[in-house]
Amino acid sequence: RITEKPKPGKDLQEEAVMKSLLKKEKVEIIEVTPKQLRDLSFDIKIAFDEELTPEGEQALFMDWSIMMMNLFGQTGLVDPKKLAYRNIEKMRENPADIMPDELLGEYEMERFGVQKTPSPQQQQVPGGLPELNRFNQGLRGQMYGAQGQQARDEGAGPQRVPDVQQIF
């Protein structure tokens with residue numbers, strides 16, 4: 001505290017103990033005169049951490065992205081989709097959870113040269129339903145073994161079971 005007449009050290013110590021008990025944290029009281037405060041000199045040393053935390057790195061990347069869009073977004077030199085994907089990845093998120101599937105396919109094709117593989121429900125095998133064809137192929141493999149089609153044509157193995165597709 002700044003005061004014209006500082007209290008003796010013992011009085012300040014008693015006051016600090018009382019405030020510490022009330023606030024449940026340590027309190028230290030210092031009183032100085034305005035003249036003492038004016039004569040006080042400070043040595044200030046600023047030390048920067050060379051190592052960035054992951055959160056600091058994310059914040060810097062976000063600032064960089066915003067700057068890039070502000071400077072070059074209007075000119076078409078920066079692709080907003082690519083920048084969005086990079087930001088999502090930098091935030092340790094999966095772009096597939098956030099972006100539409102159509103955009104995700106375009107992005108993977110541009111970046112990796114591979115398009116997103118369709119899910120099994122979307123795959124169509126010529127001539128019918130994909131799950132039924134896969135089921136039929138499994139049955140044929142179990143019935144005729146490694147010889148497959150040749151064993152069936154020669155009459156070996158069990159009688160021919162009609163394809164599930166032929167029933168429908």
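## Helix H3 and its surroundings

In this predicted model, the residues Gln-58, Phe-61, Ser-65 and Met-68 of helix H3 are buried. Seen down the axis of H3, these buried residues fall within an arc of 85 degrees, so they line one face of the helix. This arrangement fits a general rule: an α-helix has 3.6 residues a turn, so residues three or four places apart point the same way. The buried residues of H3 pack against helix H4, which spans residues 80-90, while Glu-55, Asn-70 and Leu-71 are exposed on the other side of H3. The helix has 19 residues and reaches 26 Å from its first C-alpha to its last, close to the 27 Å expected at 1.5 Å a residue.

One of the buried residues deserves a separate look. Gln-58 has a relative accessible area of 15%, and because buried means under 20%, Gln-58 counts as buried. Leaving aside residues up to four places away in sequence, Gln-58 touches Lys-90, Met-91 and Arg-92.

Lys-90 also takes part in a salt bridge, with Glu-57 as its partner and the closest N and O atoms 3.0 Å apart. Glu-57 lies in helix H3 and Lys-90 in helix H4, so this pair ties together parts that are 33 residues apart in sequence.

A search of the whole structure finds six salt bridges, among them the Glu-57 and Lys-90 pair and two that involve Glu-15: one with Lys-7, at 3.5 Å from N to O, and one with Lys-19, at 3.6 Å from N to O. Glu-15 and Lys-19 are four residues apart in helix H1, which covers residues 9-23, and are therefore separated by about one helical turn. Arg-1, Lys-7, Glu-15, Lys-19 and Glu-31 are linked in a network of salt bridges.

The table gives the accessibility of residues named in these pairs.

| Residue | Relative accessible area | Class |
|---|---|---|
| Lys-7 | 41% | partly exposed |
| Glu-15 | 18% | buried |
| Lys-19 | 34% | partly exposed |
| Glu-57 | 38% | partly exposed |
| Lys-90 | 28% | partly exposed |

A further feature is found on the surface, where Ile-2, Leu-37, Leu-40, Phe-42, Ile-44, Ile-46 and Phe-48 make a nonpolar patch of about 870 Å². Ile-44, one of the residues of this patch, lies in the loop between helix H2 (34-39) and helix H3 (54-72), and at 75% relative accessibility Ile-44 counts as exposed.

Key: Residues numbered from 1 in each chain as written. Predicted model: local features only at pLDDT ≥ 70, side-chain atom pairs only at ≥ 80, totals over all residues. Heavy atoms only, no water. Patch = residues over 30% accessible without salt bridge, like charges linked within 9 Å, V, L, I, M, F, W, Y side chains within 5 Å. Areas by Shrake-Rupley, 256 points an atom, 1.4 Å probe, with all protein chains shown as cover. Salt bridge = Lys/Arg side-chain N within 4 Å of Asp/Glu carboxyl O. Helix = DSSP H or I, 4+ residues; strand = E, 2+ residues; numbered from the N terminus. Buried < 20%, exposed > 50% of the residue type's maximum accessible area, 1.4 Å probe, protein only. Expected span 1.5 Å × (residues − 1). Arc of directions from axis to C-beta. Contact = heavy atoms within 4.5 Å.
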